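Thanks for coming, everyone. Let me put the structure up, and then I'll walk you through it piece by piece.

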Amino acid sequence: MVSPENPEGTELLLGPSGHPAAKPFKDALVADGLPFTQFAVDDVPAEYERLRGLGVRFTQEPPVIGPVTTAVLDDTCGNRIQIVHMAS
């Protein structure tokens, strides 16, 4: 997966689901509510609304936990991806 705004930029490749270890690993992360990976963003609520507008399904809306704001989305392949911002 790459950004359409920067196709030569950073690429994300999550492990294939066909590997025998992938399903139990993903299932355990989902059951425990843990994201597979996370990305820092400047404004979690704004990014949450932007992505929801594009049809992304979130499994966690953006709570503020002290100086940290997070949200978790479903990548449609069994992975949970977290976006996060830590206030300075």
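Let's begin at E5, which is exposed, with a relative accessibility of 70%. You'll find E5 in the loop between β1 and β2, the latter being residues 6-11. Now look across to G66: E5 and G66 are 61 residues apart in sequence, and their C-alpha atoms are 32 Å apart in space. To give you a frame for that distance, the C-alpha atoms of the protein chain fill a box of roughly 40 × 35 × 25 Å along the principal axes.

I should say right away that this is a predicted model. The mean pLDDT of the protein chain is 88, and 97% of its residues reach 70 or more. Among the elements, strand β1, residues 2-3, has the lowest mean pLDDT, at 79, while α2 has the highest, at 95.

Now the overall layout. The protein chain has 2 helices and 7 strands. Reading from the N terminus, the order is β-β-α-β-α-β-β-β-β. The chain has 88 residues, and 25% of them count as buried. Its accessible surface comes to about 6,100 Å², and carbon and sulfur atoms account for 59% of that. For those of you who like contact statistics: take the contacts between residues at least 6 apart in sequence, and 38% of them join residues at least 24 apart.

On to the helices. In α1, residues 22-32, which residues are buried? They are A22, K26 and L29. Looking down the axis of α1, these buried residues fall within an arc of 60°, so they line one face of the helix. The other side of α1 has K23, A31 and D32, which are exposed. Right after α1 comes G33, with a positive phi near 75°.

While we're at α1, let's talk about rings. There are 2 aromatic pairs in the count. One of them is F25 with F36, an edge-to-face pair with centres 5.8 Å apart and 80° between the planes. F25 sits in helix α1 and F36 in the loop between α1 and β3 (37-40), so to speak 11 residues along, and the pair links distant parts of the chain. Are these two rings buried or exposed? Something in between: F25 is partly exposed at 44% relative accessible area, and F36 is partly exposed at 31% relative accessibility.

Next, helix α2. Its buried residues are V44, Y48 and L51. They cover an arc of only 75° around the axis, which puts them on the same side of α2. And what covers them? The cover includes β4 (57-60), β6 and β7.

That brings us to the core. In soluble globular proteins, nonpolar side chains tend to be buried together. Here the largest nonpolar core has 10 residues: L14, V41, V44, Y48, L51, F58, A71, L73, I81 and I83. The elements giving two or more residues to this core are α2 (44-53), β6 (68-74) and β7 (80-86). The largest share, 3 residues, comes from α2.

If you'd like one core residue to click on, try L73. Leaving out residues up to four places away in sequence, L73 touches L51, V56, R57, F58, T59, N79, R80 and I81.

Staying in strand β6, have a look at T69. T69 counts as buried, at 12% relative accessibility. Again setting aside neighbours within four places in sequence, the contacts of T69 are V44, P45, P62, P63, V64, I83, V84 and H85. For V84, the C-alpha to C-alpha distance from T69 is 5.7 Å, although the two are 15 residues apart in sequence.

One last threonine, for contrast. T76 is in the loop between β6 and β7. At 71% relative accessibility, T76 counts as exposed. What about its backbone? Most residues other than glycine have a negative phi. T76, though, has a positive phi, near 70°.

So that's the tour, and I'm happy to rotate the model to any of these spots. Thanks for listening!

Methods: Residues numbered from 1 in each chain as written. Heavy atoms only, no water. Buried < 20%, exposed > 50% of the residue type's maximum accessible area, 1.4 Å probe, protein only. Helix = DSSP H or I, 4+ residues; strand = E, 2+ residues; numbered from the N terminus. Arc of directions from axis to C-beta. Core = buried A, V, L, I, M, F, W, Y, C linked by side-chain atoms within 4.5 Å. Contact = heavy atoms within 4.5 Å. pLDDT = per-residue confidence, 0-100. Areas by Shrake-Rupley, 256 points an atom, 1.4 Å probe, with all protein chains shown as cover. Phe/Tyr/Trp six-rings, centres within 6.5 Å; stacked < 30°, edge-to-face > 60°.
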